[in-house]
Amino acid sequence: MQTIAVIDFETTGISPNSGGRATEIAAVLVRDGRIVDHYQSLMNSGAWVPPFIEQLTGISNAMLAEAPDSTQVMREVAEFTRGCPLVAHNAAFDRGFWHYELAQAGTEPDPAHEFACTVLLARRLYPDAPNCKLGTLARFHALPDSGRAHRALADAQTTANLLLRMQQDLGQRFAAELGPLAVEHELLGSLQRSAKSALARCVRDWARRRQGALGAVPD
């Protein structure tokens, strides 16, 4: 059964390209329809936390002064997620920090670490939702309360529960197209790039490829 790692960063800014650095990371492992493990740590990169970011996240410069070095944290989380495809809410944001902080830590990229985005998926799967913010989707689906928003573990756990709901909904909605196949990360990656009107065809095409790879294509 495939294990997917759901990650979330808290940071000092919107992008490493504009000087932002990570202050906290969490990774939540999802397998066989449930959360099975997690990793969380503050991380000290030497960056300064602006007051408005401290107010938003609750992460202060004093907290980071006592936190483990960012190099150590990134090496630990890279090992924790080794071999797992990744999911994040607004993945473009987290992907940028993921690659930058791994590079700063001198950690080699893992080929398995391809991203799927729950924002892109939600736009296609839940057109009736008021918007695709994480808190809005959590309320829309009555997901479990994971604690304070804008802390890495709480947001990663909420995103993990959203991912599980998406896998469940896709499995039910496209049961005929999927047959015995589970909703895997590769399918999520295909669906996030698909037009809303073409979701069924996307699932059907993926299922045929997957069955072919498994040697299960009927005559």
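## Working through a predicted model

N90 is partly exposed, with a relative accessible area of 41%. Keep in mind that this is a predicted model, and let's get into the exercises.

**Exercise 1. Place N90 in the fold and find out which residues it touches, leaving aside neighbours within four places in sequence.**

Solution. Start with the location: N90 sits in the loop between β4 (86-88) and α4 (91-104). Next, the exposure. Buried would need under 20% and exposed over 50%, so at 41% N90 lands in the partly exposed class. Now the contacts: once those sequence neighbours are set aside, C117 and V119 are what N90 touches. Finally, a distance to check on screen: G171 is 81 residues from N90 in sequence, and their C-alpha atoms are 23 Å apart.

**Exercise 2. Work out how many disulfides the model has.**

Solution. First get the rule straight: the two cysteine sulfurs have to be within 2.5 Å. Then take C117, the residue we just met as a contact of N90. Its closest cysteine sulfur belongs to C132 and is 9.1 Å away, which is too far for a bond. Turn it around and start from C132: the nearest cysteine sulfur is that of C117, again at 9.1 Å, so C132 is in no disulfide. The count comes to 0 disulfides.

While you're here, are C117 and C132 buried or exposed? C117 has 6% relative accessibility, so it counts as buried. C132 is buried as well, at 19%; the cut-off is under 20%.

**Exercise 3. Describe how helix α5 (residues 118-125) and helix α7 (residues 152-173) cross.**

Solution. Two packed helices are described by the angle between their axes and the distance between the axes. So go for those values: here the axes come within 11 Å and cross at roughly 40°. That angle makes α5 oblique to α7; roughly parallel would take an angle under 35 degrees. For the hand, α5 passes α7 in a left-handed crossing.

Now list who makes the contact. From α5 it's T118, L121, A122, R124 and L125, and from α7 it's T159, L162, M166, L170 and R173. Sort them by class and you get 6 nonpolar, 2 polar and 2 charged residues.

**Exercise 4. Decide whether G20, E184 and S190 are buried or exposed, and list their contacts beyond four places in sequence.**

Solution. Take them one at a time.

- G20 is in the loop between β1 (3-11) and β2 (22-31). With 3% relative accessibility, G20 counts as buried. Its contacts are T12, G13, S15 and F97. For a distance check, F52 is 32 residues from G20 along the chain, and the C-alpha atoms are separated by 14 Å.
- E184 belongs to the loop between α8 (175-178) and α9. A relative accessible area of 17% puts E184 in the buried class. E184 is in contact with Q2, W206 and R210.
- S190 is part of helix α9 (residues 185-191). At 14% relative accessibility, S190 is buried. S190 touches C202 and R209.

So G20, E184 and S190 come out as buried, whereas N90 from Exercise 1 is partly exposed.

How values were computed. Residues numbered from 1 in each chain as written. Predicted model: local features only at pLDDT ≥ 70, side-chain atom pairs only at ≥ 80, totals over all residues. Heavy atoms only, no water. Buried < 20%, exposed > 50% of the residue type's maximum accessible area, 1.4 Å probe, protein only. Axes fitted to C-alpha atoms, helices over the stretch in contact; angles between N-to-C directions. Helix = DSSP H or I, 4+ residues; strand = E, 2+ residues; numbered from the N terminus. Parallel < 35°, antiparallel > 145°, perpendicular 65-115°, else oblique. Left-handed = near helix turned anticlockwise from the far one by under 90°. Contact = heavy atoms within 4.5 Å. Nonpolar A, V, L, I, M, F, W, Y, C, P; charged D, E, K, R; others polar.
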